[in-house]
Amino acid sequence: MRKRQNNIFAGIDWILVLFFIVLIFLGWINIYAASVTNTSGEILDFSTRYGKQIQWIGLSLVLIIIIISIDAKFYERFSGVFYIASMLSLAGLFVFGTSVNGATSWYNLGFSSIQPSEFSKVATALALANFLNEPNRDLSNFKTQLSTFLILLIPAVLITLQPDAGSALIYFSLIFVLYREGLPAYYLIIGFLAIFLFLITLTLGFKSSIIIIFSLITLLIVYLLNTKKFHLNREWPKVLILYAVIGFFLFSVDYVFNNIFEQRHRDRFSIVLGENSDTKGIGYNTNQSMITIGSGGLTGKGFLEGDRTQGSFVPEQDTDYIFSTVGEEWGFIGSSAVIIIFIAFILRIIRVAERQKSKFSRVFGYSIATIFFFHFMINIGMVIGLLPTIGIPLPFFSYGGSSLWGFTILLFIFIRLDADRTYEW
Amino acid sequence: MEKKHLAYFSILLVGLLLIIRLFYIQIIDTKYKPSPLNNSAIAVKYDYPERGFIYDRNGVLIVANQPSYDIMIVPRDVKPLDTLEFCRLLKISKKDFLKKYKKSRIYSPRIPSVFLAQLSKNDYAYLQEKMYKYKGFFIQKRTLRQYPLKSAANVLGYIGEVNNALLSKNSYYQQGELIGINGVEKQYEEALRGVKGVKFIQRNRFNKEIGPYKGGVYDTLATVGKDVTITLDIKLQKYAEDLMANKRGGIVAIEPSTGEILSLVSSPTYDPNLLVGRERSKNYTRLFLDKDNNPLYDRSLLAQYPPGSPFKIINALIALQEQVITTETPFYCHGGFRYGRSSKAFMKCHCGTHGAPVKLDKGIYKSCNSYFANTYKKIIEKYPTSSEGMKVWSDHVKSFGLGNFLNNDLSTGVKGIVPDENLYNRFYPNFKWGASTTISNAIGQGEILTTPIQLANMTAIVANKGLYYTPHIIKKIDNKPIKIDKFTTPKRTTIDSKYFPPIIEGMFHVIENPGGTARWSRVEGIEICGKTGTAENSHGQDHSIFVAFAPKDNPKIAIAVFVENGYWGSRWAGPIATLMIEKYLNGQTNRPREEKRMYEGSLQDEYDKQLLKIALEKETK
Ligand SMILES: [Zn+2]
């Protein structure tokens, strides 16, 4: 058991804490810039967005104290309970939830709203860590693979049904953690290949892509035959299956995209694939956000000087599009700095995760690194027009209590776990 | 690679990608640097200069501007007001007031819209004092076009709101701005409109305007529109329009030595003031829907008629050039020309020469069909095959500016048709066609079609003995004579100038000789050379055609007149052409009876008959 109950701060990784403070601070001043109006007065004016965010930040400090006061063992022991409770809270949305922008992702508590999917990330990461921590868990074993996928799939499906496909994506990204823990590489390769084929089909259409892909495979086979390591008379069933599977995959992507997707889904992809440059329609947000960022130039227009930010030209600028404020007011230098800080922060988490002796802590560490990384990549990728419009928050930057708390809890549980790494549990 | 390092590597790679992308949109790609024009944080205000005036060749003002005052409304800014008093001031009923108010609100609560258009000057002076009392209303001054002479609507064109197609092509124009839509207003839009001034005004973050953007460095001053002088003689134009009253057709008069268009008449025409201001769209619709008279259709430029007998002049010139005839070559006419064995293959002629030898001069002034049929046959048959002969003939004809666009500065036009060997080879794929098959070309019937402006140009070519200046309408911009190469360099036909004098002599005799087809149109003291024409019209009465130039030596005016359903050349077209020549050269006319007959003559009966006939033809089909 722990030997220094009188000092809860012993062993804390202050570098991570420093990152947290910097990100929270940068996030808040940009929310301030994006939401300040002529009628707002005090910084602590709780009727404003930035005032509310201050409130959330203050409450998250309380949360932090609680989290690091609790024994690390507690998180491991109760991870199952958290997971079940969290899945129930997701399922409960279908009965008690409130709809915002077409997605039933919120509980309305009267004084405030809560988005359970932000907290279920914590529960899932804990459950995953706990599951893999058991002895005899071997990710090259099919049964283990199945159970692990199930842990990720349940929340992903529940969240997709809200529907909030963006948040659901985060759970799939945890597959990278499994790779770190021994999941065979071909899962990732097949995954990447599927994404690649998916994009090819959408860009080139079914006919052209199947011609191109089949020619590539045929070339590959001809090459392999020449190397004499491959014999068609023995391997031909595999080759046939390969053709069939790829052909079927391309066909179903084409079919799903054109017959099952709704127009709004198709539109989102079309924008990123460069097929749709309609600046007033569906791509409006992204276009506005890119113009806003582009207008920042090298050094930016300065704090509160961004005329496009102040004129509220970018919708949702203090939530999903908060990064456009950074781009306009702080320019290329400021926005690159934010990216560098995020990258350093995530690398630091991985470094800390690698030094864990307990598998539970390491898996959890990798999980939160993955969660932060995908939020960061998808959000900024969307704001600067590299990825489709997928509405997920930028950690510590986007306005919102649930996401701020969710990310804070993730980080500080890990800091707590890390602080206890030298002790035998 | 160790998995840990793979993770580091991927994360760094993504970070690098994002930074490269940021570098691209923030530093490199200017697409994302909004210009002040489409930066919504900056208000753009325009200062519209006054549009240039248009003068005729003698400096007579034909298009001017008139101020017009509109009451504008910004519904959001309207404060409670004494409606009764306000309505009394504007001379509208309270019901009207509410209707207009509602309409403007639906349009936009924030954007100004017209509440009451075009106040009288008196009302404006009176209202101006009181407007401060009515918040949300203001008076905006605009300028409208004004046509003091009510003439030349087809030449001048009109202005109207710029359409969407042009908005997307031309970045100068904004929604709701005015642009020349037709005629000179369209062709010389850039000179006439000037350049609007632009002011960029910085808004603060509360959308209040706080002063010039960046100290006004991007602001530009308006440049006033330039005055334009056109080649028309507006007096002659107006005179021609009056002569054409109740008759349909087109007239084009050209100064041969310059190619300047002296008049360009399409009849029936309309008062250009109809397409100005409040009633514009209503009037436009009315004119547009008048499909029988078709006043918006510019017959002088667009109507394609068979040229008829004036075309014989070209055939004569080609025959001389090809040396298949001389001025002394005789042909004989026995009431017509037989071009085939069947009894139908006979082209009638009413020249009345009864077998006496017809030489070039007489052939022209008597307009003998047989003479020109023989001549035409000789041209085509000079060459081993009909195709070769037809090609030579067709190239000569085309050198007169026929069968193609003239490439002038008028906003509209058509090519007309000059047949060539390809056309006939298509027509008769399995048939050995020849001069006989195409004999109508000899007398300007058949496949060939010309517009009045092309025929006027052809006449100018004869007057110039073989060369021409592209007919054009612009004379001066901003009081400086134009220097446009394509209008100031002469173009040559394929006919040597030495072949023209005998033709001109023949045309002189058309009027001067007691046996000439237009002897009744003789004008004392002016040597006019002309040629009558009658174009067959399968739907109704034949068209009346006359081309002429004068004086014979050093010609000042060349003219072509088409009068639809005007029976024959000397009946309507001849008198109108010669009266115009007289008016232009002498400044007045001395043939009051002829003039009166033209002013009062109407061909409405013929148009009604033709309409009925066409309707019946359709019925029986
Ligand atoms: Zn005859």
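## A walk through chains A and B

In chain B, helix H12 runs past helix H14 in a left-handed crossing. Keep in mind throughout that this is a predicted model. The two axes come within 10 Å of each other and cross at roughly 45°, which makes H12(B) oblique to H14(B). If you want to see what fills the contact, look on the H12(B) side for Lys312(B), Asn315(B), Ala316(B), Ile318(B) and Ala319(B). Facing them from H14(B) are Asn369(B), Phe372(B), Thr375(B), Tyr376(B) and Ile379(B).

Now for the metal. Which residues hold the zinc ion? Its protein donors are the SG atoms of Cys333(B), Cys349(B), Cys351(B) and Cys368(B), sitting 2.1 to 2.4 Å away from the ion. The angles among the four donor atoms run from 104 to 118°, and the site is tetrahedral. For comparison, the ideal angle for four tetrahedral donors is 109.5 degrees. Along the sequence, the donor residues follow the spacing C-x15-C-x1-C-x16-C. Cys351(B) comes from the loop between strands S15 (346-348) and S16 (357-358), while Cys368(B) comes from the loop between helices H13 (360-365) and H14 (369-381), so this pair ties together parts of chain B that are 17 residues apart in sequence. Are these two cysteines buried or exposed? Cys351(B) and Cys368(B) are both buried.

Follow H12(B) out the other way and you get to Gln323(B), in the loop between H12 and strand S13 (331-332) of chain B. This residue has a positive phi of about 55°, although it isn't a glycine. Its relative accessibility is 60%, so Gln323(B) counts as exposed.

Elsewhere in chain B there are a couple of cis peptide bonds to look at. One runs from Ser267(B) to Pro268(B), with omega near 0°. Pro268(B) is in the loop between strand S12 (260-267) and H10 of chain B. Another cis bond links Ala550(B) to Pro551(B), with omega near -15°; Pro551(B) belongs to the loop between strands S22 (543-550) and S23 (557-563) of chain B.

Helix H10 of chain B, spanning residues 280-289, is also where you'll find Asn283(B). Asn283(B) has a relative accessible area of 11%, so it falls under the 20% cut-off and is buried. Setting aside residues up to four places away in sequence, Asn283(B) touches Leu274(B) and Leu275(B).

Over to chain A. Its secondary structure comes to 17 helices and three strands, and 52% of its 425 residues count as buried. Take the contacts in chain A with a separation of 6 or more: 71% of them are accounted for by residues 24 or more positions apart.

For a helix pair here, try H7 (residues 165-173) and H16 (residues 359-383) of chain A, which pack at an angle of about 135° with their axes 9 Å apart. That angle makes H7(A) oblique to H16(A), and the crossing is right-handed. H7(A) makes the contact through Leu169(A), Ile170(A) and Ser173(A). On H16(A), the partners are Thr370(A), Ile371(A), Phe374(A), His375(A) and Ile378(A).

One last stop in chain A is Asn136(A), in the loop between helices H5 (116-133) and H6 (142-160). Asn136(A) has a positive phi of about 70° without being a glycine. With a relative accessibility of 77%, over the 50% cut-off, Asn136(A) counts as exposed.

Key: Residues are numbered from 1 along each chain as its sequence is written. Chains are lettered from A and ligands numbered from 1 in the order in which they are written. This is a predicted model: local features need pLDDT of at least 70, side-chain atom pairs count only at pLDDT 80 or more; totals for chains, interfaces and linings use all residues. Side-chain values use heavy atoms; hydrogens and water are left out. Donors are N, O and S atoms within 2.8 Å of the metal (3.2 Å for Na, K and Ca); water is not among the atoms, so sites may look incomplete. Four donors count as tetrahedral if all angles lie between 85 and 135 degrees; four count as square planar and six as octahedral if opposite donors are over 155 degrees apart and all others between 65 and 115; anything else is irregular. Helices (H or I, at least four residues) and strands (E, at least two) are DSSP runs, numbered from the N terminus. Buried means under 20% relative accessible area, exposed over 50%, partly exposed in between (1.4 Å probe, protein chains only). Axes are lines fitted to C-alpha atoms, for helices over the stretch in contact, and angles run from 0 to 180 degrees between N-to-C directions. Angles under 35 degrees count as roughly parallel, over 145 as roughly antiparallel, 65 to 115 as roughly perpendicular and the rest as oblique. A crossing is left-handed if the near helix is turned anticlockwise from the far one by less than a right angle, and right-handed if clockwise. Contact means heavy atoms within 4.5 Å.
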